[in-house]
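Here are a few remarks for your reading of this model, set out as numbered points. Please keep the structure open alongside them.

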Amino acid sequence: GVSTYAPCPAGTFGNESGIRREEDCTSCLPGMYCDGSGLPRPRGSCDPGYYCIEGSNTSAPNAPGAYRVPESVGGVCPAGGYCPLGSSYPSACPSGTFGNTTGLTSLEGCTNCIPGYYCSGSNLPYPSGLCESGYYC
């Protein structure tokens, strides 16, 4: 019989020679992307401001103006969180802070709660509410 080589598709890689079936390919690793076919290893880390869960075929999943990929692959870092280089999932802005924009790349992008407001919990896209009269926040 004739053996045929089937290169692993985008979103996967194959670090063994002689892969013949797509099922033998490995899904791209969390925090990484595999943007071509026949890759022996992931191409690189997911871009800052984005997260790559698993099987990403782009360094910036669902970037504005780019083609859409399933949410299960990754996406733009949501408001309330931040995503440094190679993120597999968004990190939450900590308690006492909020992040009101998407695509934050570091903890420094999280904003301290605004005077007169309170920020209860983590991962907030905006302050929780106004301070009650007579209380200092």
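**Notes on three residues**

1. Asparagine 123 lies in the loop that runs between β11 (117-118) and β12 (129-130). Please bear in mind throughout that this is a predicted model.

2. The backbone of asparagine 123 deserves a look, since this residue has a positive phi of about 65 degrees although it is not a glycine. As background, most residues other than glycine have a negative phi. With a relative accessible area of 41%, asparagine 123 is partly exposed, because that class covers values between the 20% limit for buried and the 50% limit for exposed.

3. Asparagine 62 also has a positive phi, here of about 60 degrees, and is likewise not a glycine. This residue is found in the loop between β5 (50-52) and β6 (74-76). Is asparagine 62 buried or exposed? Its relative accessibility is 7%, so asparagine 62 counts as buried, the cut-off for that class being under 20%.

4. Threonine 12 has its place in a strand, namely β1, which comprises residues 12-13. Threonine 12 counts as buried because its relative accessibility is 14%.

5. Which backbone oxygen does the side chain of threonine 12 reach? The partner is the backbone oxygen of proline 9, at a distance of 2.6 Å. When neighbours within four places in sequence are left aside, threonine 12 is in contact with Cys25, Thr26, Ser27 and Cys28, and also with Cys34, Gly36 and Leu39.

Notes: Residues numbered from 1 in each chain as written. Predicted model: local features only at pLDDT ≥ 70, side-chain atom pairs only at ≥ 80, totals over all residues. Heavy atoms only, no water. Helix = DSSP H or I, 4+ residues; strand = E, 2+ residues; numbered from the N terminus. Buried < 20%, exposed > 50% of the residue type's maximum accessible area, 1.4 Å probe, protein only. Polar contact = N/O pair within 3.5 Å; in protein donor to acceptor, adjacent residues only side chain to side chain. Contact = heavy atoms within 4.5 Å.
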